[in-house]
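Thanks, everyone; could you bring the structure up on your screens before I start? I will keep this short and stay with what can be read from the coordinates.

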Amino acid sequence: MPKQQDEPFRIRLEKLDSIRSKGIDPYPPRFKRTHTAQEAVTFFEKQEEESVIESVDKSIYVAGRIIAIRKMGRVSFFSIQDGSGRIQIFLKRDVLGDSYELLKDLDIGDFVGVNGALFRTRTGEITIEVKEFQLLAKALRPLPEKWHGLADIEKRFRQRYLDIISNDEVRTTFYLRSKIIEAIRYFFNDRGFIEVETPILVPVAAGAMAKPFITRHNALDRQLYLRIATELYLKRLIIGGIDKVYEIGRVFRNEGIDSDHNPEFTLLESYEAYTDYTEVMDLVEQMVYTIAIKVLGKATVEINNTSLDFTPPWRRVSLREEIFNRTTIDFLEYSDIQSLAKKMKSLGLEVERHVSWGRLLDKLISMTVEPHLIQPTFLIDYPVEMSPLAKRKPENPRLVERFEGFALGMEIANSFTELNDPLDQRQRMEEQENLHSKFVDEDIDRIDEDFLVALEHGMPPTGGLGMGIDRLVMLLTGHNSIREVILFPQLRTK
């Protein structure tokens, strides 16, 4: 219960008591509406076009939250809002009789249901002339004062419901997010992929380089982890003979929080037998382009004063060449930690201590290459040390068939021609375990013995993809922070 000095709460409690004293239930169990706010507006406009306004005299039932009140003695104008939009309602004392007195106990934020006929006011606004109304839920706390938007950033994310009420653009973002995910599913389903679900609680947190969240199953008396990826389970299904699979689901990584990272996020992973990473590149650029056209109606997005164009084909550049062009470093010539660190220092680049060669190169990429990848770009062919699950390039076994997709300097996709040699895979996973024991603070992939046994039964050549849905939504909706596109992002303790 709020403190006694919370005056707005106290006043609303008094109004609640007043309503109940009149024998009115302020929280009735149901209200049958016939139209949403937008449907009511569309219905009236259609009748106007067909010149049959007399048919609009029929009462309709609409419900929503009060977001504006104008009382003028014997008449009042309210605006109410539901999930589809807003509509004005007109209330008259001589129509409502004694019920009109209830208006003094109503506040912005309350939910009401009304029935009445539609008309246009002299100012041209489509309005419902109310014959009857019903209080559906009394709000005991006031909404944000300014209807131009809730400005407190922390409050927006901690109390997302207020953010959605107050900011139309926030509602639009999450409607678009839903449409984007729907379009992804349609894209894959239309190409013969099967959507599947794999475990969230796993005995080994493998398939990515990330720290897991740890939990315990009491009945089994065993430690489990929240999954950091879905890769190794989806590849088990390829082994089992399901040639095209994908999953859209939450994964969990015990990492920092910034504009591009949230500890739980939505990941798309897909695997297709008898393809490689070049075909996955075609799939990615076509998918993003198709989604943009279907959801936004265009292939370009304006963000940070930059126009991103997702029209295929996207630029494809060699990682080795791009690093050399930016730094004069050929990573194949600096194949040990000491030489690479020394060369980076000579260029004035920050060098972490006690990290693996792969981690050092990853930092080099993030500092010198990624910020320049503004338009959609595929960065291709990574060193084997950074990619323990990817297949080696036949012409250069020190590199693997891997790409990462970037836009606006941010990674949005990661793909391999999947490693299907069980002996090579076992050796690389064992090397990862050795690195984990040597660099205990580093995010390093782990060995999954059950997956290795599965792989020993044979897996066909396969192209795999991982794509962060939240980052894709950021780009397509023009946002700079991942917290803007996750309904309930993780936040630091107050």
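I will take the barrel to begin with, and then the packing of one helix against two others. Please keep in mind throughout that this is a predicted model.

In the barrel, five strands close in the order E1-E2-E3-E5-E4, with mixed pairing, and from one strand to the next the twist averages 50°. Within that arrangement, strand E3, residues 85-92, runs parallel to strand E5, residues 126-137, and three bridges join them; if you look along E3 for Phe-90, you will find that its bridge partner in E5 is Glu-129.

Let me turn to helix H6, residues 168-190, whose axis comes within 10 Å of that of helix H14, residues 469-477, the two crossing at roughly 120°. H6 and H14 are therefore oblique to each other, and their crossing is right-handed. On the H6 side the contact includes Thr-173, Arg-177 and Ile-181, and on the H14 side it includes Asp-470, Val-473 and Thr-477; by class, the residues of this contact divide into eight nonpolar, two polar and two charged.

H6 also meets helix H8, residues 277-296, where the axes come within 9 Å and cross at roughly 135°. Since 145 degrees must be exceeded for roughly antiparallel, H6 and H8 are therefore oblique to each other, and H6 passes H8 in a right-handed crossing. Among the residues that meet here are Lys-179, Ala-183 and Phe-187 from H6, with Gln-286, Met-287 and Lys-294 from H8, and this contact divides into twelve nonpolar, two polar and two charged residues.

Key. Residues numbered from 1 in each chain as written. Predicted model: local features only at pLDDT ≥ 70, side-chain atom pairs only at ≥ 80, totals over all residues. Heavy atoms only, no water. Pairing = 2+ DSSP bridges. Helix = DSSP H or I, 4+ residues; strand = E, 2+ residues; numbered from the N terminus. Axes fitted to C-alpha atoms, helices over the stretch in contact; angles between N-to-C directions. Parallel < 35°, antiparallel > 145°, perpendicular 65-115°, else oblique. Left-handed = near helix turned anticlockwise from the far one by under 90°. Contact = heavy atoms within 4.5 Å. Nonpolar A, V, L, I, M, F, W, Y, C, P; charged D, E, K, R; others polar.
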